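User: I'd like a close look at a single part of this protein, please. Here is what I have in front of me.

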Amino acid sequence: MQTTTQLLILAFLVYWVIVYLLKKRGILAKYNISATGPILMIETTKGLHLLDKIALPKRFWRLFANVGIVLMFAGMIFMFGLVVFSDISLLQSMMDRTVIEPNEYTEIQNIFLIPGVNQFIPLVWGFIALIVAVFIHEMMHSVLARVEDVRVHSVGLIVALFPIGGFAKIDDQQLYGEEFELLDEPEADSESDFDDLTATIEEIREHERLEKEQAAYESMPAETQTASVGESADSQTISSQTIGSQTMGNQAVAAQTESADKPKAATKTQRSRILAAGVMSNFVVAFIAAMLFFGPVIGAMAPIGSLQITDSGDFSVSSGLTKEMVLVGINGQNVSDIETVNQALAGVSPGDSVTVQASYDRVIENYTIVTDSTAENVNYAGILISSVTSGSPAENAGLLPNSLIFKIDGDYVSDAEYFSATMSEKNPGDTVVFTITEYDGDGAETGVRDITVTLGETPGNESKAYIGIYYSAGPLYIGLLGISVGEFNAGGYLEFLKTLPTLLYSFDFSAPKESVMMILSAWLFVMMMPFLSILGEGFGGFSGSMMQFFEPVGWAEPLGIGIFWIANLLYWVGWLNFYVGLFNCLPALPLDGGHLFRTYFVKIAEKLKMNPKRAFRLSFVVTTYLSGFIFMSFLLMFIWPYISSFVIGLFS
């Protein structure tokens with residue numbers, strides 16, 4: 001991860017230098033590309049005439065945007081609540097003096113949702129989905145702007161080494177007309193618009209000439225000044241009348257011209273519709289993609305098996321068994337877990353031949369293996385240590401993360417349940433001998449050894465034994481076949497995916513509290529799907545190891561592997577549109593949610609008879625503080641793992 005981060009920083013710096021050189025030589029301006037630091041804004045006016053055609057059903061689009069306003073406020077409450085909840089959890093960990101170690105989620109490349117750079121988002125599917133999300137979002141801003149007769153100057157893409165967003169250049173003067181007028185109000189004590197710090201040489205000379213003439217005029221006698229103004233009262237009156245008439249006429253013409261050229265400013269309701277249109281479009285695209293993904297596409301898949309080979313010995317490889325194959329049966333008996341494997345191998349002795357049915361790329365074949373004559377006919381899963389608590393008995397004894405405990409006091413650990421049940425019978429002060437297999441950072445086995453651990457007392461429950469490790473179920477090792485297999489309930493997972501949409505909105509009035517928690521949990525699961533641990537990594541769709549567990553059936557059978565491409569495209573288009581929409585709901589500038597929050601803040605303040613200018617400025621103050629709070633919350637969320645041990649140690 002560290003190497004990836006360094007390469008990313010180097011690539012970004014090289015890119016920045018190239019942008020600087022292209023801008024300095026005028027090449028970017030030639031192609032209508034502007035640059036602010038390393039950020040490029042690529043503009044185009046092509047296709048703007050199509051916006052008016054798309055915007056023709058104005059009543060439909062206004063209803064569309066009105067629904068979007070409601071959904072944006074719902075998303076605003078949800079996202080802001082999530083930020084506050086994260087802050088409270090972080091504060092609680094600080095009070096408990098819990099040190100949070102840096103992990104893959106806090107790596108710099110995983111902070112931003114950049115496909116191919118973020119290790120949880122694949123390059124191809126993620127890039128397509130991001131382009132769709134950005135294009136739809138900005139296009140709908142433009143469409144609603146034309147629905148409300150607000151000018152759109154151009155559309156474009158924002159690039160910072162990678163595409164990071166899009167924009168629609170909507171006429172700000174028209175969109176925020178009344179606010180621009182408040183911002184542009186001149187100061188009452190302003191006597192001159194001349195500024196000698198910013199004026200040109202010609203302006204400075206002209207200013208000096210006028211000052212000399214004014215000084216010369218003021219030094220003249222009063223009667224001379226009067227004569228200079230006009231040789232007679234009559235001529236002065238006529239001159240004044242003429243000049244006054246001309247002035248009034250010119251002002252009228254100028255006012256008419258300005259009125260004709262200056263378009264009508266958008267109302268707050270019109271502005272709110274324009275702001276909500278982008279988020280609403282993301283939600284609609286996410287909804288359509290989700291209905292297709294969780295419906296007909298998932299319904300056209302069937303599980304092949306549940307056990308996938310994760311490691312294989314020399315003699316099993318020579319028989320044809322390799323990694324990522326899915327075990328289907330042994331000696332004609334279907335296998336799906338440790339119990340069925342034990343049953344299939346119950347009558348087999350070391351050195352006997354065994355027929356194994358395994359699938360690779362959805363093709364099932366038979367493989368004949370002569371079992372290991374030196375192995376025991378014992379199959380075990382053990383437990384895999386994910387982390388060790390600082391200062392715990394486990395750390396004091398020398399247990400390390402990524403170690404596999406497969407024996408307790410000489411007895412094999414069949415699974416995680418066996419380990420938990422055995423440890424629950426132990427008492428504080430007991431000694432336990434763990435037989436472990438250790439692995440290096442690349443997953444290669446480095447050795448097997450015994451470690452003796454003296455158990456401590458569980459904090460808050462002195463009668464319960466404490467070891468101080470976090471663990472998960474290890475791979476199932478089949479000794480006679482010399483292979484390790486990971487268990488994944490492919491059939492159950494498919495069923496869960498099919499029923500997930502109903503969990504997002506189902507509500508049981510007889511148990512409202514439980515229903516609300518279930519709905520919130522389902523929404524959080526959808527948000528976190530790419531980051532959740534499935535087969536040791538986040539759910540990135542049906543590719544790689546995951547794809548080996550399933551096969552197309554029904555209408556998708558003729559498509560073959562194509563059904564997985566469709567599934568991946570729909571999954572990432574749906575997820576990224578949903579995430580982009582939710583993120584834009586945050587009440588922070590310059591996000592759409594921040595502008596919408598500020599607009600409605602002013603509307604409510606004006607209804608409460610507050611001065612418009614004061615309401616406008618107060619809205620900026622409140623939104624700025626909210627933006628700062630949200631930004632600092634995200635920043636602390638990512639840097640805390642790197643500073644938690646130092647801060648806690650400082651205040652201990």
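How many residues does helix H19 have, and how far does H19 reach from its first C-alpha to its last?

Analyst: Quick ground rules before the helix. This is a predicted model, where local features need pLDDT of at least 70 and side-chain atom pairs count only at pLDDT 80 or more, while totals for chains, interfaces and linings use all residues. Residues are numbered from 1 along each chain as its sequence is written, and side-chain values use heavy atoms, with hydrogens and water left out.

Now to your helix. H19 covers residues 562-584, so 23 residues by the DSSP run (H or I, at least four residues, numbered from the N terminus). From first C-alpha to last, H19 reaches 33 Å, close to the 33 Å expected at 1.5 Å a residue; that expected span is 1.5 Å times one less than the number of residues.

Where does H19 sit? Of its 23 residues, 18 are buried, so H19 is largely enclosed by the rest of the structure. Buried here means under 20% relative accessible area, exposed means over 50%, and partly exposed is in between (1.4 Å probe, protein chains only).

For some background, 39% of the chain's 652 residues count as buried. The chain has 21 helices and 22 strands, a strand being a DSSP E run of at least two residues. Elsewhere, in helix H1, Leu7 counts as exposed because its relative accessibility is 54%.
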